[in-house]
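This report goes through the overall build of one protein model and then a few individual residues. The sequence and the structure come first.

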Amino acid sequence: MIDKKTIRSATQAQRKALPEHIRTEASQALCAQIQALPVYQNATRIALYQAIDGEIDLHPLWVLAESAGKTCYMPVMNTQTKTLLFLPTTHKTTQQTNAYHIAEPQTAHTDAAPLDNLDLMLMPLVAFDSHGTRLGRGAGYYDRTLEHTKPSCLLGVAYEFQHHEFLPPEPWDVPLDGVVTENTIYWSTS
């Protein structure tokens, strides 16, 4: 049996231990891979995230997307419903750190994008497999948010070492369309 707690703990520790220059190189390579995808090139509305705890940093992509005229959205946590809102965010948007130490845009919640209006959502993860199964941090915010509707394309973002042969999906897991790493793109096989 696969112990998701052990995978989560070991992978997060490995990710946090990466030297800064390795993180930067991986971020640049991954962002270049995403930038080359037709789904990114054709997107006008993109949901990103603010990296923490050694996650792949999408800041280079955010800069490129803004300069290309794409509207970028960042998640804001609703701690009562344990879901996320995606608010329009530019580099000039005021940010505030939430309880999980993640920067969130201080934008009116009424400006949140309906999920099905987003062309592309890029999600952080702890581990993944080639079937589109994503192991997150364990709080379930993304799964609850995407339970009823999702963007046109849902891609996970990870380091290559976060790939696992198989992760048993839970009934509430929302499958990914694919995962982008610094080395390759894994399009879901199921």
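The text below treats the whole chain, then one serine, then two loop residues.

**Whole chain**

The model is predicted. Its secondary structure consists of five helices and 11 strands. Along the principal axes, the C-alpha atoms occupy a box of roughly 45 × 35 × 30 Å. How does the radius of gyration agree with that of a compact globule? For 190 residues such a globule would have a value near 16 Å, and the protein has 16 Å, so the two agree.

Of the 190 residues, 46% count as buried. The accessible surface comes to about 9400 Å², and carbon and sulfur atoms hold 53% of that area. Among contacts with a separation of 6 or more, 70% are between residues 24 or more positions apart.

The protein carries 14 positive and 20 negative charges. The mean position of the positive charges is 5 Å from that of the negative ones.

**Ser27**

Ser27 belongs to helix 2, which covers residues 20–36. Is Ser27 buried or exposed? Its relative accessible area is 4%, and buried means under 20%, so Ser27 is buried. The side chain of Ser27 comes to 2.5 Å from the backbone oxygen of Asp57. With neighbours within four places in sequence left aside, Ser27 is in contact with Ile56, Asp57 and Pro60. Asp57 thus appears both in this contact list and as the residue whose backbone oxygen the serine side chain reaches.

**Two loop residues with positive phi**

Asp53 and His101 are residues other than glycine with a positive phi. The table sets out their values.

| Residue | Phi | Relative accessibility |
|---|---|---|
| Asp53 | near 50° | 32% |
| His101 | near 70° | 64% |

Where does Asp53 lie? Asp53 is in the loop that runs between strand 1 (45–47) and helix 4 (59–67). Partly exposed covers the range between under 20% and over 50%, so Asp53, at 32%, counts as partly exposed.

His101 sits in the loop between strand 4 (95–97) and strand 5 (103–105). Exposed means over 50%, and His101 has 64% relative accessibility, so His101 counts as exposed.

In short, the model has a buried serine in helix 2, a partly exposed aspartate with positive phi at position 53, and an exposed histidine with positive phi at position 101.

Conventions:
Residues are numbered from 1 along each chain as its sequence is written. This is a predicted model: local features need pLDDT of at least 70, side-chain atom pairs count only at pLDDT 80 or more; totals for chains, interfaces and linings use all residues. Side-chain values use heavy atoms; hydrogens and water are left out. Helices (H or I, at least four residues) and strands (E, at least two) are DSSP runs, numbered from the N terminus. The radius of gyration is taken over C-alpha atoms; the globule rule is 2.2 Å times the number of residues to the power 0.38. Buried means under 20% relative accessible area, exposed over 50%, partly exposed in between (1.4 Å probe, protein chains only). Contact means heavy atoms within 4.5 Å. Accessible areas come from the Shrake-Rupley method with a 1.4 Å probe; for residues, only the protein chains shown count as cover. Lys and Arg count as positive and Asp and Glu as negative; His and the chain ends are not counted. The place of a charge is taken as NZ of Lys, CZ of Arg, CG of Asp or CD of Glu. A polar contact is a pair of N or O atoms within 3.5 Å; within protein, one must be able to donate a hydrogen and the other to accept it, and residues adjacent in sequence count only if both atoms are side-chain atoms.
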